[in-house]
Amino acid sequence: MDNKRLNLDKVLMSDVFESDADFIPIVADEDEQNVSEFEVPDILPILPLRNTVLFPGVIIPISLGREKSLQLIKDIQKSKGVFGAVAQIDVKVEEPQKEDLYEVGTVAKVIKVLEMPDNSTSVIIQGKRRFHLDEIITDEPYHQAKVTALDDTQPEEDKKGEFEAIISSVKDLSLRVIKGSSNVPPEASFAVKNIENTGFLINFVSSNTELKVKEKQRLLECEDLLERGMFLLEHLAREVQMVELKNDIQSKVKLDIDQQQREYMLQQQIKTIQDELGNSPIEQEVRDLKERAEKKKWSKEVGELFKKELDKLQRLNPAAGEYSVQHNYLQTLIDLPWNEYTKDIYDLKRAERILNRDHYGLDKVKERILEHLAVLKLKGELKSPIICLHGPPGVGKTSLGKSVAEALGRKYVRMSLGGLHDEAEIRGHRKTYIGAMPGRIIQSIKKAGASNPVFILDEIDKISNSFHGDPASALLEVLDPEQNGTFHDNFLEVDFDLSNVMFVATANTLGNIAQPLLDRMELIEVSGYILDEKVEIAKRHLLSYQMENHGIPKGSVSINRNVLGYIVEHYTRESGVRELNKVLAKLCRKMALKLAMDEEFKKNITIKDAVAFLGVERFSKDKWQDNETPGVVTGLAWTAVGGEILFVESSLSKGNGKLTLTGNLGDVMKESAVLALEYLRANAESFGISDDSFDEWNVHVHVPEGAIPKDGPSAGVTMVTSLASAFTQRKVRERLAMTGEITLRGKVLPVGGIKEKILAAKRAGINTIILSAENRKDIAEIKDIYLEGLEFHFVKQISEVLKLALLDEKVKNALNI
C-alpha cells in the first residue's frame with residue numbers, strides 16, 4: 001500500500017476535521033450510487049498531475065506549484081465547478097501539452113484548499129468520473145479541453161461469482177499488506193473493511209497501492225471492472241510476498257542486532273564490575289606486556305614497532321576477532337630472545353671429553369667443532385659456521401648436535417626438513433591471514449629462548465618444492481652468514497638476527513641438494529663404521545641404553561665383545577648402527593621376558609644364547625663367492641645407505657654376437673657394458689681371444705638383485721673383467737673386488753665413495769681391492785684402522801686390471817671358445 005499517500009491523507013483530513021467545515025467522508029452514499037450518472041461537461045479545465053493518478057470516488061491531497069494550476073483552483077473554488085485531473089507522462093515537463101498527458105483522466109471537484117505553513121498551497125480533491133481527453137482548445141489562462149465521459153463495465157451475470165471472489169481476495173490481500181507494514185496507519189484497514197461498493201474498493205486500493213504511475217494509469221484506463229480487479233490482484237499478491245520477505249529480513253537483522261547489543265551490554269557490565277574490583281583481565285594483559293617489554297634488549301626499531309602495535313591492541317574491542325590476532329602477534333614479539341645469548345664455554349678439554357663420551361669416531365667433525373671453539377676463544381667473537389654432515393643413515397649425524405650444544409654450553413633445537421614443500425614453513429605467513437604464525441625457524445628460536453643455539457637442520461636433502469614455493473630457496477638467506485643477520489620472517493614484519501646461530505645440517509646424499517645451498521655450507525663427510533667401531537659403540541652406548549629402556553638391572557647381564565661382534569656380522573649389514581640398535585632391543589626384550597617370568601638364563605650371554613634369542617643368522621660373514629665360475633666378478637658400489645658389493649655375471653651361448661643386459665640397469669651402466677665389450681673386441685688379440693668369438697657367441701651380462709635399480713659408471717672395470725673372464729674361461733683371483741670407470745681407450749678413471757666401498761668390502765670378506773691410480777689420494781685420507789687386512793692395487797689402464805684380476809688357470813669344464 002502507498003504509505004506516504006495514507007499518512008498524508010491522515011494529516012490533511014485531520015486538518016479539515018478540526019476546521020469549521022462539515023465532516024468529509026471517504027465517499028458519500030449518493031456518490032457511490034451515482035458515480036456513473038455524474039454529468040461531465042463537454043469542456044473541462046485540465047489540471048496536470050505529477051506522480052499520481054486520481055481514481056473516481058477517491059479523495060487525495062495534491063500540492064500546487066505552477067501558476068496556471070493555482071489560477072485554475074481559484075476559479076473552480078469561486079464557481080464551485082469541476083475540472084479534469086490528468087496524470088502527466090513526464091514529470092519533468094513544466095508546460096505540458098496534449099502529447100505530454102495521458103488520454104484518460106478523472107473529473108474532480110475541490111473539497112478543501114489549505115494554506116500550508118511553508119506558504120505553499122495544498123488542495124484536497126475528490127474524483128468523480130472517468131473521461132477521455134479529446135482535444136485541448138486553449139492554453140490560457142490554463143488548459144481547457146473537449147472531453148468524453150467514460151463508464152465502467154460491470155461483470156456479466158456468469159462472471160459475477162468470479163468477480164466476487166476477486167473482490168474478496170483484494171480485501172484479504174489489502175488487509176495483509178496493511179498488517180504487515182509498520183508504516184501504514186490503522187485507518188487504512190478500517191476504510192478497506194467498510195467499503196461496500198466494489199468499484200470504489202478497487203479504485204481506493206489502486207490509488208493507495210505502491211504501483212508506478214504508468215501501472216496506475218493502466219488500471220484507470222481499464223473499462224472492465226473484472227479485468228481491473230484481476231490486474232490489481234496480481235500486484236497485491238506480489239506486494240504481500242515483498243512485505244513478508246521484508247519483515248522476515250528485518251526480523252533476522254533485529255535478532256542479530258539484539259544479540260550484539262546484549263553481548264555489548266554484558267561486556268560493559270563485566271568491565272564495570274572488573275573496574276570496581278580493580279582486576280580487569282584485559283588491562284592486566286596490557287600491563288604485563290608493558291612490563292615484559294621494558295626488560296627486553298631489542299633494538300629501538302623493534303621497540304617502536306611493539307609500542308605502536310600495543311596502542312593498536314588497546315583500541316580494539318576484546319570481543320573482536322582481530323583482537324586475538326593482534327595479541328598473538330605481540331606475544332610472539334615479546335617471547336623472542338632479542339639479543340639474548342647464552343655464554344659460550346671455552347674449555348676445549350671439556351668439550352673434547354663430551355664429544356668423545358657421546359660419539360665414537362667422527363674425528364673430522366669433532367676436530368671442526370674444536371677449531372671453531374679455539375678461534376672463538378682467541379678472538380672473542382666469530383660468525384657461526386654452517387656445517388653440513390653428510391653420510392649414510394645411522395652414523396650419528398643428528399645426535400651429534402646435542403653433544404655439540406652441550407660442549408659449547410648452548411641451547412639445542414632441531415628442525416626436521418623431511419618432506420617440507422611450503423616456503424611459508426621457513427618464512428612464516430603474514431599476520432593478516434587467519435591462523436597465521438611465524439616460520440619454523442623463528443618458532444625454534446623462540447622455543448630455545450636464546451639467539452645463539454645449536455640449530456640442527458635435519459634431512460636437508462629431503463626438501464621438496466610445490467606451487468607453495470621452494471623452501472630450499474628460502475633457506476639460502478638462513479644459511480648465508482652474510483645475510484642471516486637480517487632474516488625476515490613474514491609474520492614478524494621486522495628483521496631478526498640469526499648470525500650467532502650455529503646451524504648444523506644433515507643429509508644422506510648431496511645429489512638432491514640445490515647447488516646454491518651447497519655452496520653456503522661447509523661439507524663434512526660422516527662415513528660408516530667398521531666392525532670394531534660398531535662393537536665399541538654397542539658396548540659403550542647402545543647396549544646400556546637398551547637395557548635401561550627394558551628394565552634390565554645394571555650388572556644382571558653381561559655380553560662380551562666377541563658376542564657383540566658376532567651379532568654385528570650375522571644380524572646386520574649396514575654402514576651405521578641403527579639396525580644394530582634394533583637387534584639389541586630385540587635381544588633385551590627376550591631377556592626381559594625371561595626375567596619377568598622368573599626363568600633362569602645365563603648371566604654371561606654366549607653366541608649360542610644370542611642365536612637362541614635372535615633366531616637364525618640373517619647374513620653370512622663371508623659374502624664373497626668362489627671363483628670356479630667364469631665371468632663372475634665382485635664390484636664395489638656406493639648407495640645412500642652406505643657401501644655395498646655387487647656381482648657382475650657374464651655367460652656365453654652359441655649365437656651371432658648378440659649382447660643382452662639384465663638386472664634393472666640404468667643407462668650409464670648399460671653404456672659401461674657396451675664399452676667393455678667393444679674394448680675387448682678391439683684388443684682381442686692381446687688378451688688371447690679369437691676375433692671370431694665375438695660373432696659366434698651371444699653374451700649375457702647380469703647384475704643380481706634385479707628388483708633394485710642400479711646405475712653409475714663405477715662398475716666399468718668389473719664388467720670388462722667379467723667379460724674377459726667369460727671369453728678366456730680364466731679364473732678370477734680369490735677375494736678380489738674392484739671399482740672404477742673405463743674409457744674406450746682403456747683408461748681407468750677415479751670414482752667416489754671410496755671409504756664406504758672399502759667398509760663394504762671388509763664386511764664381505766674381501767682382502768684385495770683394485771682402484772684407479774687417481775683414488776690413491778682418497779686412501780691416504782682414511783685412517784689405518786679402516787685399511788687393516790686390505791691390499792690395494794692402483795691402476796691406470798684396463799690391461800693392468802686384467803693382469804691383476806685374471807689367473808692363468810682356467811675353470812673346470814671350460815668352454816672351447
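Where in the chain does P141 lie? In this predicted model, P141 is placed in the loop between β5 (121-138) and β6 (144-149), and the peptide bond that leads into P141 from E140 is cis, with omega near -5 degrees. E140 also takes part, together with K68 and E95, in a network of salt bridges. The points below take up backbone geometry, salt bridges, helix α10 and a nonpolar surface patch.

**Backbone geometry**

- Most residues other than glycine have a negative phi, and most peptide bonds are trans.
- The cis bond from E140 to P141 is one departure from that pattern, and two residues with positive phi, described next, can be set beside the bond.
- D598, which is not a glycine, has a positive phi near 55 degrees; this residue is found in the loop between α21 (578-596) and β15 (604-605), and its relative accessibility of 70% counts as exposed.
- N813 likewise has a positive phi, of about 55 degrees, although it is not a glycine; N813 is found in the segment after β26 (806-810), and at 78% relative accessibility it counts as exposed.

**Salt bridges**

- Side chains of opposite charge can pair when their charged atoms come close, and the count for this model comes to 31 salt bridges.
- D335 and R292 form one of these salt bridges, with their closest N and O atoms 2.6 Å apart; because D335 lies in helix α11 and R292 in helix α9, the pair ties together parts that are 43 residues apart in sequence.
- Both partners of that pair are partly exposed, D335 at 24% relative accessibility and R292 at 35%.
- D344 and R410 form another salt bridge, in which the closest N and O atoms are 2.9 Å apart; D344 sits in the loop between α11 and α12 (348-358), R410 sits in the loop between α14 (400-408) and β8 (412-416), and the pair thus links distant parts of the chain, 66 residues apart.
- Both D344 and R410 are buried, whereas D335 and R292 are partly exposed.
- The side chains of D358 and R357 meet in a salt bridge at 2.7 Å, N to O; D358 is partly exposed, with a relative accessible area of 25%, and R357 is also partly exposed, at 43%.

**Helix α10**

- Helix α10 (residues 300-315) has 16 residues, which at 1.5 Å a residue should span 22 Å, and its end C-alpha atoms are 23 Å apart, in agreement with that expectation.
- V302, L305, F306, E309, L310 and L313 are buried in α10; seen down the helix axis, these buried residues fall within an arc of 135 degrees, so they line one face of the helix.
- The cover over the buried residues of α10 includes α9 (281-294) and α11 (321-335), the helices that hold R292 and D335, respectively.
- On the other side of α10, the exposed residues are K300, E301, K307, K308 and R315.

**Nonpolar surface patch**

- M242, L245 and I249 make a nonpolar surface patch of about 280 Å².
- Of these residues, L245 is found in helix α8 (residues 225-277) and has a relative accessible area of 46%, which means that L245 is partly exposed; this value is over the 30% that a residue needs in order to belong to a patch.

Terms used:
Residues numbered from 1 in each chain as written. Predicted model: local features only at pLDDT ≥ 70, side-chain atom pairs only at ≥ 80, totals over all residues. Heavy atoms only, no water. Patch = residues over 30% accessible without salt bridge, like charges linked within 9 Å, V, L, I, M, F, W, Y side chains within 5 Å. Areas by Shrake-Rupley, 256 points an atom, 1.4 Å probe, with all protein chains shown as cover. Salt bridge = Lys/Arg side-chain N within 4 Å of Asp/Glu carboxyl O. Helix = DSSP H or I, 4+ residues; strand = E, 2+ residues; numbered from the N terminus. Buried < 20%, exposed > 50% of the residue type's maximum accessible area, 1.4 Å probe, protein only. Expected span 1.5 Å × (residues − 1). Arc of directions from axis to C-beta. Contact = heavy atoms within 4.5 Å.
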